[in-house]
Amino acid sequence: MPNLGDKVSAIGSVGDYNFVHQTGTATIEFWAKFELDPRIHSIVGNIATNGSSAGFNLNMFLNTGTGFGRLRLRLSNGSSNTTLQSSDLLNAGNFNNWNHFAVVLDGTNARFYFNGILDQVVSM
């Protein structure tokens with residue numbers, strides 16, 4: 001199983017992650033302190049970033065081309081991908097500070113939270 005980058009990897013088979021098939025529930029949460037560094041930060045996952053295998057990955061996009069401080073969750077069943085994302089969460093006032101991020105999946109919607117406040121709800 002590939003390690004997706006500078007954070008952690010998920011261990012298990014796609015069967016362990018029912019939310020990949022948009023049928024189960026899950027909460028992914030983490031504390032992070034991002035510097036103003038325009039790149040994609042891998043947070044957690046168990047698939048290649050191109051989504052060519054079944055599984056999931058969660059990334060933080062810190063470049064203005066794809067969203068500034070935007071969480072992006074990709075779910076893949078191996079043949080098709082679903083991409084869910086938050087709004088732009090970070091700004092100059094909260095870089096270099098510890099912030100709490102969470103994605104709550106209920107099989108129907110993904111809820112993105114930033115420092116305990118609901119950012120938005122996205123249909124799965």
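How many helices and how many strands make up the secondary structure of the chain? In this predicted model, the chain contains 0 helices and 8 strands. Read from the N terminus, the order of elements is accordingly β-β-β-β-β-β-β-β. The chain has 124 residues, of which 43% are buried. Its exposed surface amounts to about 6200 Å², with carbon and sulfur atoms contributing 49% of that area. Of the contacts between residues at least 6 apart in sequence, 48% link residues at least 24 apart.

The largest nonpolar core comprises 26 residues. Within this core, the residues that touch the most other members are F34, L58, L71, L73, L84 and F101. Two or more residues of the core are supplied by each of β1 (26–32), β2 (40–45), β3 (55–63), β4, β6 and β7 (109–114). The surroundings of L84 were examined further, leaving aside residues up to four places away in sequence. L84 touches L71, R72, L73 and L75, and also L105, A110 and F112. Further contacts of L84 are with V122, S123 and M124.

R72, one of the residues touched by L84, is located in strand β4. This arginine is buried but takes part in no salt bridge. The nearest side chain of opposite charge to R72 is that of D88, at 8.2 Å; a salt bridge requires a separation within 4 Å, so the R72 and D88 side chains do not form one. The side chain of R72 does make a polar contact of 2.8 Å with the side chain of Q85.

Side chains of opposite charge can pair when their charged atoms come close. The structure holds 2 salt bridges. In one of them, D88 pairs with R70, with 2.9 Å between the closest N and O atoms. R70 belongs to strand β4 (residues 67–76), whereas D88 lies in the loop between β5 (81–85) and β6 (99–105), so this salt bridge ties together parts that are 18 residues apart in sequence. D88 is partly exposed, its relative accessible area being 41%.

The salt bridge between D106 and R111 has its closest N and O atoms 3.0 Å apart. Both partners count as partly exposed: the relative accessibility is 33% for D106 and 25% for R111.

Definitions and conventions: Residues numbered from 1 in each chain as written. Predicted model: local features only at pLDDT ≥ 70, side-chain atom pairs only at ≥ 80, totals over all residues. Heavy atoms only, no water. Helix = DSSP H or I, 4+ residues; strand = E, 2+ residues; numbered from the N terminus. Buried < 20%, exposed > 50% of the residue type's maximum accessible area, 1.4 Å probe, protein only. Contact = heavy atoms within 4.5 Å. Areas by Shrake-Rupley, 256 points an atom, 1.4 Å probe, with all protein chains shown as cover. Core = buried A, V, L, I, M, F, W, Y, C linked by side-chain atoms within 4.5 Å. Lys, Arg positive; Asp, Glu negative; His and termini not counted. Polar contact = N/O pair within 3.5 Å; in protein donor to acceptor, adjacent residues only side chain to side chain.
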